[in-house]
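Q: Please take a close look at one part of this structure, the second largest pocket. What lines this pocket, and which elements supply the lining?

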Amino acid sequence: MRYSSTASGLAAPDSPPRRECACAVAGAPTSASPPPGPRGGSEPGGTMFTSTGSSGLYKAPLSKSLLLVPSALSLLLALLLPHCQKLFVYDLHAVKNDFQIWRLICGRIICLDLKDTFCSSLLIYNFRIFERRYGSRKFASFLLGSWVLSALFDFLLVEAMQYSFGITAASNLPSGFLAPVFALFVPFYCSIPRVQVAQILGPLSITNKTLIYILGLQLFTSGSYIWIVAISGLISGLCYDSKMFQVHQVLCIPSWMAKFFSWTLEPIFSSSEPTSEARIGMGATLDIQRQQRMELLDRQLMFSQFAQGRRQRQQQGGMINWNRLFPPLRQRQNVNYQGGQQSEPAVPPPLEVSEEQVARLMEMGFSRGDALEALRASNNDLNVATNFLLQH
């Protein structure tokens, strides 16, 4: 089981995740997108650090672009073009007094501090699971909405500090795509379950989310006035996630723009599907994860036994007793020894196979014998039987 967004990233901005099943005729393994996890951030589930998704950037082209492009530009400005850094300074006074709107845009995209670039990149990598859960369009809408709202809250916080406490903040705030990164902590806290990994010092414990919060704290304390950007980002994330004032409908990516970027940029930043890991769903409980792992092991065993049976049939000819070769994996009995003699468990009666499913497999080009054997081996599961026949 894995999380997958739509291939074109065109999920509606406020639509819940959809379940997707691969077509059995194509022989692709089925995959599903589970519903959003429980809110509150205190339910059990997930594993240490991997609860935020499987490794890699599969089905997360926008996250990949945010990792590569701003980081590359930040390194380029720091190492090769230091004289151009002044163009990306986040100067609020210049924006307010001289109406230099371009500074508001440039100053909130590229980090001029490499430490901020490193921490924000790690956080974006761990928050990529939201793009898989919601789809690229809704994820981009969240980033755009929090980016716009946080720019407004930056001005309000600076003015509130000066009016209430007489504290004049520096004209230059930390540059970079920082506010939307802090905004992502709101859905991270609300929808990612918390799992205790280790108990330390009595009530204190290490959870699967501890490392993410430590990275956020490191980014929060990396500069003098970065706390203004952090607070504005958290407030904007809370407003957008709670759909306050219907900002999620106003600040969203239009469908035509999503289609344009899915046709142009998504093929560039798309990643191949990982093949060497078990797909454990985000937000699943420990019991569900154990069940998924057991099902994965069962399927791998059935694949192995099916391949071995086909090789034996090719060498010896004739039909194979699939009921003997594939006994129910959950109900296998231990071998009993009586008087030094080994007694085999009773063989269950042959499983009745649906003629309709046999006909569907024969329409795909498989022989009737192979179709019967695969359906009996897979307990009349058409998708599993199709996968068996296609891969062996």
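A: The pocket comes first, then its setting in the chain.

This is a predicted model, where local features need pLDDT of at least 70, side-chain atom pairs count only at pLDDT 80 or more, and totals for chains, interfaces and linings use all residues. Residues are numbered from 1 along each chain as its sequence is written, and side-chain values use heavy atoms, without hydrogens and water.

The second largest pocket holds about 840 Å³ of space. A pocket here is an open set of points on a 1 Å grid over the protein atoms alone, where a 1.4 Å probe fits, with protein on both sides within 12 Å along at least five of seven lines. Its volume is the space filled by probe spheres set on the points, joined across faces, edges and corners. There are 28 lining residues, each with an atom within 4 Å of a point. Closest to the centre are Leu62, Ser65, Leu66, Ala140 and Phe261.

Two or more lining residues come from each of α1 (61-79), α6 (136-164), α12 (255-264) and α13 (266-269). Helices are DSSP runs of H or I, at least four residues, numbered from the N terminus. The largest share, 7 residues, belongs to α1. By type, the lining has 20 nonpolar, 5 polar and 3 charged residues. Nonpolar covers Ala, Val, Leu, Ile, Met, Phe, Trp, Tyr, Cys and Pro; charged covers Asp, Glu, Lys and Arg; the others, Gly among them, are polar.

Now the wider chain. Residues 139-157 are 100% helix and 0% strand, with end C-alpha atoms 26 Å apart. Of the 392 residues of the chain, 43% are buried, meaning under 20% relative accessible area with a 1.4 Å probe, protein chains only.

Methods:
Buried means under 20% relative accessible area, exposed over 50%, partly exposed in between (1.4 Å probe, protein chains only).
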